[in-house]
Amino acid sequence: MTTHPPDPAASGHGQPPSGPPHPPPGHGQPPSGQATPSQTPPALAVHAASPERDVHLDVEVPAGQVLAVLGANGAGKSTLLALAAGTLRPGSGRVRIAGRTVADDHTWVPAHARRVSLLAQEALLFPHLDAVANVAFGPRATGTGRRAAERLAHDLLDRVGAGELARRRPARLSGGQAQRVALARALATDPELILLDEPLSALDVDSAAAMRQLLREVLRGTGRSAVLVTHDLLDVLAVADAVVVLEEGRVAEHGPALEVLTRPRSRFAAALAGTNLVAGTLTGTGPDAAVLTGHVPRGRGVPPGADRAGTDRHPSTALVLHGLADPACRPGSAVAATFSPRSVAVHRHAPGGSPRNTLAVTVTTLEQQGELVRVRAATPTGQVLAADITPASVASLALAPGQPVVYAVKAAEVQIYPA
Ligand SMILES: Nc1ncnc2c1ncn2[C@@H]1O[C@H](COP(=O)(O)OP(=O)(O)OP(=O)(O)O)[C@@H](O)[C@H]1O
């Protein structure tokens, strides 16, 4: 990121000491353009521009949802966070948080009064305070008594799996532990909106996986509203309800997370989803785990040899992909399967032997990718899946757009995650 939202220790402390812990949406604001009682306003509404950065953004986060923000360097992700956090004044337009205007031509609510918390790449804890005091700092700053603030801090540390670290100072915490404490601190002020600025990018793979799972538990389905800047497909799958892709300071794509990832329209989303992704429902467990997509209409037909694994147990038009399911996946729940284009073998006809996954597809494009050729081909539902194969294979298969082929993917190459 090129800019930094506010000192996290200072953000989210804005409600007056005497104020209620949950001001109603639009609290203290003029009625014009604000929420009606029957309608919860968006947690964040940015309709604003920063002309000197050539950034013009129209982005909304419905209350209770997590929006993932994707985009290449310089696309405008930090600018969006800064507009929300209160570290950048828009040149024009308006920023609202939970129905309250925090920035427009006449209004400027400073960062500390926005009821926004930040979780950044680094935990940025106060080094001289232990974990409890770090978490209790925000509530204390807004008038909560010491004992009540410490009780809250202990509860939140327990919640994020850091209860045993309560009396440690940051110097004695690992990166992953410090991020847990920082998450507890971000929650302690009961913010209207949490801004997550690549919160896993400084963690090792195992710590990132554990923290990702924690973010999922804390953010999804708990009514928390958040904006997550990330470059990681797994973060989007685990945490986001919706995705916005920024390109050159503008919104290039915006939609439900799975829709954007499975049917990307922007170049960036396509590259991120460069790993194949199939969304559906989990059927079976253990070695029988599979993703079933329910979008193929009956009677539309699947070419012979396709979807061999699924034809016994499911309507012949369903698409089934066997794989290794994350333990958090539950049968019947929404899941997404990912597999690398390099793990896909391409055949003219269904192969012999018994590969678990065979998918009938139609080639749409062929594109040189370094030493390999990326084949893109569409399933009967219109989902495009990629295979990376050698130029020699393309030649021997005589591949061309419009040609029906069969993709084979080993189940061991397919990872299934909760969606
Ligand atoms: N302080 C600044 N003053 C002027 N222009 C800036 C400033 N910070 C960023 N910009 C410009 O604003 C545009 C958006 O940058 P921004 O930092 O929001 O992108 P980003 O998506 O966060 O990028 P990155 O992933 O590299 O952090 C870019 O053209 C950038 O050069």
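Visitor: Which helix gives the most residues to the shell around the ligand?
Guide: This is a predicted model, so to speak: local features need pLDDT of at least 70, side-chain atom pairs count only at pLDDT 80 or more, and totals for chains, interfaces and linings use all residues. Residues are numbered from 1 along each chain as its sequence is written. Helices here are DSSP runs (H or I, at least four residues; strands are E, at least two), numbered from the N terminus. With 3 residues in the shell, the top giver is helix α1 (residues 77-85).

Visitor: How many residues surround the ligand?
Guide: A residue counts if its C-beta atom, placed from the backbone, lies within 6 Å of the ligand. Arg 53, Asn 73, Lys 77, Ser 78 and Thr 79 are the closest, and the full number is 15.

Visitor: Where does the largest nonpolar core lie?
Guide: A nonpolar core is a set of buried Ala, Val, Leu, Ile, Met, Phe, Trp, Tyr and Cys residues joined through C-beta atoms within 7 Å. Buried means 20 or more other C-beta atoms within 10 Å, exposed 12 or fewer, partly exposed in between, with C-beta atoms placed from the backbone. This core has 126 residues, and Ala 84 is among those touching the most other members. Both domains, with bounds from an automatic or database assignment, give residues to it, so the core lies between domain 1 (44-272) and domain 2 (276-418).

Visitor: Is Ala 98 buried or exposed?
Guide: Ala 98 sits in the loop between β4 (92-97) and β5 (100-103). Its phi is positive, about 50 degrees, although it is not a glycine. Because Ala 98 has 27 C-beta neighbours inside 10 Å, it counts as buried.
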